[in-house]
Every structure is written in C-alpha cells, then in structure tokens.
Amino acid sequence: MTITPASLDALDVDPAFALHRGGKLEVRSTIPVRDADDLSLAYTPGVARVCTAIADTPELVNDYTWVSNVVAVVSDGTAVLGLGDIGPAAAMPVMEGKALLFKEFAGVDAVPICLDCTDVDALVETVVRLAPSFGGINLEDISAPRCFEVEDRLRSLLDIPVFHDDQHGTAIVALAALQNAARLTGRSLGDLRAVIAGAGASGVAVTRILLGAGIGDVAVADSKGVIYTGRDGLNPVKEALARDTNRTGFTGSTEEALSGADVFIGLSGSTVTEEAIMSMAPDAIVFALSNPTPEVHPEVARRHARVVATGRSDFPNQINNVLAFPGVFRGALDVRARTITENMKVAAANALAAVVGDDLSEDYVIPSPFDPRVAPAVIAAVAEQARLDGVARR
C-alpha cells in the first residue's frame with residue numbers, strides 16, 4: 001500500500017487513528033531558557049559543574065538529572081496485547097500508551113523503547129547498556145518463556161527495579177480482586193481451590209503470587225491440559241509449576257479440573273463451556289481475563305458464579321494492570337528501591353483490595369483505575385514495604 005495524504009485522511013476517519021496521529025507523547029523542558037544566562041546554566045558552561053560532581057559521586061545522577069523519575073518501557077513486539085508477534089514497529093503504539101498511563105496515573109515519566117531483536121542474550125545486553133539512563137525498567141509484551149529468563153537476568157544484573165508487567169501487574173490486580181471475592185463469600189484464600197487456564201507470562205505470575213499468598217490449592221492448565229509432575233514435554237518453567245501446584249493430582253483438561261473448584265482464572269485465550277462453570281462449587285469465582293474475548297462470556301458465567309471479573313472495561317470488575325504498575329513504580333522510585341520484591345507486590349495487592357473497603361459487592365471487588373485513591377494507596381504501600389525489605393536507598 002502506498003501511503004498518501006489522502007490515504008492518511010481516510011484512516012483518520014477512524015477515531016483511534018485520529019487520536020494516534022503524530023504519536024501520544026512529547027518531551028517538554030522543565031526549566032525556561034529565556035536568555036544567555038539561562039542557556040549558560042542549562043547547558044555549557046554551567047552543566048559541566050554538574051557533570052563533574054556526578055563523575056565524582058555517581059549517585060548524584062538521581063538528584064540532578066531526570067533518571068530517578070524515568071522508566072524505560074521495553075518490548076521486542078513478540079507478544080503484543082492479543083495481537084501476538086507483530087514486531088517492534090507495530091508495538092510502538094502500545095508502548096506509547098503504556099508510557100502515557102505511567103504519566104497520567106502516577107506522574108512517572110516513561111520512554112517507549114521497541115527493540116529490533118528477539119534473542120535473549122541480545123535483549124539483556126541491550127537493556128543493560130541502556131540502564132544508566134533510567135530509574136526502572138518495565139518489560140512489556142515479550143513472549144513466554146523467554147520473558148522469564150530476560151527478567152531474571154536483568155534483575156540479577158541491575159540495581160534498579162525491573163518489572164515485567166504482563167506477569168506481575170496482572171498478578172497484583174488478580175490477587176487483590178480474589179482477596180475481596182473470597183471476603184465477600186465468607187472465605188479466606190486458604191479455603192479456595194483454583195484452576196488457572198494459561199501457563200504463559202501472566203498465568204505463571206498469577207499462580208506464583210497466589211501460592212505466596214496462601215491459596216489452598218491451584219492447578220494450572222495449558223493447551224495440553226492440566227500441568228502435573230511427570231507430564232511429557234514440560235519446559236523448565238512448567239516443570240517448576242508442576243512441582244509446586246496441583247496437590248490433588250488432576251491430569252485431565254481444564255474443564256475437568258473445574259468440577260468442584262472454587263475459582264477459575266482464564267489467561268489463555270481459550271474457551272470454557274457453560275457446563276464447566278456450572279460444575280464449579282457454590283459461590284464460585286470466575287475471572288475470565290482474556291481480551292477481547294473472555295474464556296466464557298460474563299453474562300453466561302454470572303448464571304452460575306457469585307463473582308465474575310474480566311479484562312474488559314464494559315463489564316464490572318475489570319482486572320486492569322493500570323491499577324498496579326504506575327503506583328508500583330512510583331513507590332519504588334520514590335524510595336530509590338534497588339529492586340521490586342515479592343513482598344512489595346503483595347503489599348500493592350493488599351492496598352488495592354483495601355480501597356474497596358465496605359463497599360464490597362458482587363460487582364465491586366476491585367476499584368476503578370479512575371478512583372483517585374488507587375495510586376496513592378499503592379505508592380504508599382510499595383514504598384513502605386521496600387523500606388521494610390531493606391531495598392530502599394532513602
């Protein structure tokens with residue numbers, strides 16, 4: 001297709017294209033440059049004094065540059081939203097959007113960086129070389145299982161927060177919603193048996209945070225059925241899941257495992273029948289989170305489940321990562337945390353759950369991203385936990 005001004009105008013009939021024309025971000029200066037005196041302080045010769053001080057005392061970079069308030073949003077474009085491997089150029093609108101959300105919801109400056117490489121070694125090396133310019137790294141839309149190794153290696157190499165939002169943002173919000181759903185139905189997490197459909201980035205992270213929070217039992221299923229010890233063809237990530245989950249020993253399909261289960265969490269893009277939801281325990285909890293098409297339609301799930309959540313904004317109880325990642329990074333940056341610990345993630349989930357408070361109901365187990373209480377609650381909880389965990393530098 002040859003792009004002409006006329007064809008661009010035709011695209012702009014669609015409001016999404018019109019909104020994205022020219023991109024969604026810009027860089028603005030924080031100080032005025034009105035005359036030669038301002039210029040001599042902002043740039044040469046005044047800037048040399050600041051550079052020399054930072055060379056002598058490197059940590060001053062956090063006080064006299066933007067580094068301590070800026071996050072790199074890094075993707076290789078291999079697992080973008082529900083679009084899959086569309087490459088780095090096509091991923092840029094999403095990464096711009098992520099940076100926009102950082103700024104709008106928590107005042108964090110973020111720079112979208114789409115990398116034209118997919119090899120794990122190349123990704124890690126590139127991000128490590130970029131890291132001195134940033135106070136944190138938000139990994140985004142990198143396909144599993146590579147995303148696990150990329151994050152683990154970067155966390156070991158860097159002394160700034162590294163956070164794969166597809167994993168941990170989803171996990172934080174899902175835990176918060178499940179805590180409230182359990183409270184609504186008079187149970188604790190330890191009383192619940194959960195089935196998770198999907199063993200990708202978000203499925204693994206949700207499983208891990210639920211295990212850490214004390215879920216009674218959880219079985220994880222992929223496209224071949226429930227993961228269990230001894231199943232053929234498991235990669236190392238799934239082998240670890242098999243060791244730590246599925247205490248009841250299910251070996252069948254997702255739908256078979258749902259019989260008598262208390263919780264279903266869908267993160268797979270697959271479908272689940274109404275009969276399977278009907279077979280769940282009384283006061284069932286269904287989080288059908290695939291977008292744009294949930295594993296089971298929420299109206300169908302509501303016929304049999306007490307609480308239903310989706311990843312969509314047009315139904316109640318949206319499990320939306322924007323409830324977590326802006327506040328998590330803001331809290332970590334504010335105390336100049338060296339990393340984001342598991343305790344910090346759980347603290348964020350607890351803070352989110354607490355925002356709902358006494359307004360808890362079937363259609364309100366998680367707050368709206370536009371609730372002004374959300375970001376301050378998450379920021380405060382994460383910052384406090386970072387200090388308790390000994391990873392805060394101020």
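Guide: Before we dig in: buried means under 20% relative accessible area, exposed means over 50%, and partly exposed is in between. Also, this is a predicted model.

Visitor: Okay. So is Ile31 buried, exposed or partly exposed?

Guide: Partly exposed, because its relative accessibility is 43%. Ile31 sits in the loop between α2 (15-20) and α3 (36-42).

Visitor: Which residues make a nonpolar surface patch with Ile31?

Guide: Val33, Leu39 and Tyr43 join Ile31 there, and the patch covers about 420 Å².

Visitor: Switching to pockets. How much space lies in the largest pocket?

Guide: About 1,400 Å³. It has 46 lining residues, and the closest to the centre are Leu81, Gly82, Asp141, Asp166 and Asn291.

Visitor: Which helix gives the most to that lining?

Guide: α6, with 6 residues. Helices supplying at least two residues each include α6 (87-106), α9 (165-184), α10 (201-213) and α11 (236-244).

Visitor: And how does the lining of the largest pocket split by class?

Guide: You get 21 nonpolar, 18 polar and 7 charged residues.

Visitor: What about the second largest pocket, how much space is in there?

Guide: About 970 Å³. Here 29 residues form the lining, with Val27, Arg28, Ser29, Thr30 and Trp66 closest to the centre.

Visitor: Which elements each supply at least two residues of that lining?

Guide: α3, α4 (46-56), α6 and β2 (109-114) do.

Visitor: Last one: how do the residues lining the second largest pocket divide by class?

Guide: Into 18 nonpolar, 3 polar and 8 charged.

Methods. Residues are numbered from 1 along each chain as its sequence is written. This is a predicted model: local features need pLDDT of at least 70, side-chain atom pairs count only at pLDDT 80 or more; totals for chains, interfaces and linings use all residues. Side-chain values use heavy atoms; hydrogens and water are left out. Patches are made of residues with over 30% relative accessible area and no salt bridge: like charges are joined within 9 Å, nonpolar side chains (Val, Leu, Ile, Met, Phe, Trp, Tyr) within 5 Å. Accessible areas come from the Shrake-Rupley method with a 1.4 Å probe; for residues, only the protein chains shown count as cover. A salt bridge is a side-chain nitrogen of Lys or Arg within 4 Å of a carboxyl oxygen of Asp or Glu. Helices (H or I, at least four residues) and strands (E, at least two) are DSSP runs, numbered from the N terminus. Buried means under 20% relative accessible area, exposed over 50%, partly exposed in between (1.4 Å probe, protein chains only). On a 1 Å grid over the protein atoms alone, a cavity is a set of points where a 1.4 Å probe fits but cannot get out, and a pocket is an open set with protein on both sides within 12 Å along at least five of seven lines; lining residues have an atom within 4 Å of a point. Grid points are joined across faces, edges and corners, and a volume is the space filled by probe spheres set on the points. Ala, Val, Leu, Ile, Met, Phe, Trp, Tyr, Cys and Pro count as nonpolar, Asp, Glu, Lys and Arg as charged, and the others, Gly among them, as polar.
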